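Reader: I am new to this structure and would like a close look at the place where the ligand sits. Please start there and then follow the chain outward, explaining the terms as you go.

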Amino acid sequence: MRVLVAYATKYGATAGIAERIGETLGRTGLEVDVRPVAEAEPAGYDAFVVGSAAYAGHWRKEARKFVKHHHDELDTHPVWLFSSGPVGTETEDAKGRDVREASTPKDVAGLTEAVHARGHRTFFGKLDPDALKGPEGLVTKLPAGKKMLPSGDFRDWDDIEHWAEAIGKELQPA
Ligand SMILES: Cc1cc2nc3c(=O)[nH]c(=O)nc-3n(C[C@H](O)[C@H](O)[C@H](O)COP(=O)(O)O)c2cc1C
């Protein structure tokens with residue numbers, strides 16, 4: 001069983017999540033490749049995990065394009081989607097909602113439906129203001145920006161590995 005983990009990243013946090021998903025799936029005995037969506041070619045794979053960083057409430061364009069462009073290939077195989085987004089240590093937002101659920105990018109529902117994805121998970125992300133380019137860097141250094149987008153690495157490796165292990169189990173031959 002060959003699995004492709006394809007991801008879209010801007011500053012590397014999502015690449016790290018994709019790599020960890022790939023390593024975890026590999027430990028369950030699956031043959032796994034981890035690739036940025038721009039270099040990913042679905043032909044020859046039996047299952048897919050596709051993920052993107054969230055920016056302004058959306059998946060990155062190249063990830064959306066990947067799913068749309070390869071719709072037929074994805075729709076006829078098991079697919080899971082993931083998002084890398086919320087930063088900070090709060091697990092509930094002001095309305096009492098799970099921060100990961102509340103941060104799920106707007107595109108996910110439509111993409112899930114389009115390829116009949118078996119699941120989607122939003123993971124906490126990482127933000128390093130010194131690595132950000134242009135206005136993004138400036139915004140995250142201002143007090144309001146710092147509050148909205150706290151800096152740090154909030155990726156929850158246990159959460160990521162548990163999710164990938166469950167996928168690995170589902171893909172084991174009967
Ligand atoms: C300008 C900017 C906008 C962001 N917008 C969102 C957002 O709408 N929702 C969210 O959950 N995270 C948002 N984030 C946080 C990123 O999604 C998070 O840092 C992610 O892990 C970055 O992944 P990457 O390094 O792979 O690009 C934003 C970060 C920046 C710098």
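Author: Let us start at Thr-9, where an N or O atom of the side chain is 2.5 Å from an oxygen atom of the ligand. This is a polar contact, meaning a pair of N or O atoms within 3.5 Å; within protein, one must be able to donate a hydrogen and the other to accept it, and residues adjacent in sequence count only if both atoms are side-chain atoms. Before going on, please keep in mind that this is a predicted model, in which local features need pLDDT of at least 70 and side-chain atom pairs count only at pLDDT 80 or more, while totals for chains, interfaces and linings use all residues. Residues are numbered from 1 along each chain as its sequence is written, and side-chain values use heavy atoms, with hydrogens and water left out.

Two backbone contacts join the one from Thr-9. A polar backbone atom of Ala-54 is 2.6 Å from an oxygen atom of the ligand, and a polar backbone atom of Lys-126 is 2.7 Å from a ligand oxygen. Taken alone, the ligand has 640 Å² of accessible area, and the protein covers 88% of it. Such areas come from the Shrake-Rupley method with a 1.4 Å probe; for residues, only the protein chains shown count as cover. There are 22 residues around the ligand, and those that come nearest are Thr-9, Thr-14, Ala-54, Tyr-55 and Lys-126. Here, a residue is near the ligand if one of its heavy atoms lies within 4 Å of it.

Lys-126 leads us to Arg-155, since these two residues touch. Arg-155 also touches Gly-12, Ala-13, Gly-16, Ile-17, Phe-124, Gly-125 and Ile-160, not counting residues up to four places away in sequence. Touching, or contact, means heavy atoms within 4.5 Å. You can find Arg-155 in the loop between strand 8 (152-153) and helix 8. Helices (H or I, at least four residues) and strands (E, at least two) are DSSP runs, numbered from the N terminus.

Is Arg-155 buried or exposed? With a relative accessibility of 14%, Arg-155 counts as buried. The cut-offs are these: buried is under 20% relative accessible area, exposed is over 50%, and partly exposed is in between (1.4 Å probe, protein chains only). The side chain of Arg-155 reaches the backbone oxygen of Ala-13 at 3.1 Å. The same side chain meets that of Asp-153 in a salt bridge, 2.8 Å from N to O. A salt bridge is a side-chain nitrogen of Lys or Arg within 4 Å of a carboxyl oxygen of Asp or Glu. Asp-153, at 42% relative accessible area, is partly exposed.

Next along the chain comes helix 8. At its N-terminal end, Asp-156 acts as a cap, with a side-chain oxygen 3.2 Å from the backbone nitrogen of Asp-158. The 14 residues of helix 8 should span 20 Å at 1.5 Å a residue, and this agrees with its end C-alpha atoms, which are 20 Å apart. That expected span is 1.5 Å times one less than the number of residues. Buried residues of helix 8 include Ile-160, Trp-163, Ala-164 and Ile-167. The buried residues of the helix pack against helix 1 (13-27), strand 3 (47-55), strand 5 (79-84), helix 4 and strand 6 (119-123).

Another buried residue of helix 8 is Asp-159, at 12% relative accessibility. Asp-159 forms a salt bridge with Arg-100, and their closest N and O atoms are 2.6 Å apart. This pair links distant parts of the chain, 59 residues apart: Asp-159 is in helix 8 (residues 157-170) and Arg-100 in helix 4 (residues 99-102). Arg-100 also meets the side chain of Asp-98 in a salt bridge at 3.6 Å, N to O, and Asp-98 is partly exposed at 33%. A search of the whole structure finds 15 salt bridges, and one network of them links Arg-2, Glu-31, Asp-33 and Arg-35.

Finally, look back to the loop between strand 3 and strand 4 (58-59), which holds Ala-56. Ala-56 is exposed at 77% and has a positive phi of about 50°, although it is not a glycine. The side chain of His-58 makes a polar contact of 2.9 Å with the side chain of Asp-107. Asp-107 is in helix 5 and is buried, with a relative accessible area of 13%.
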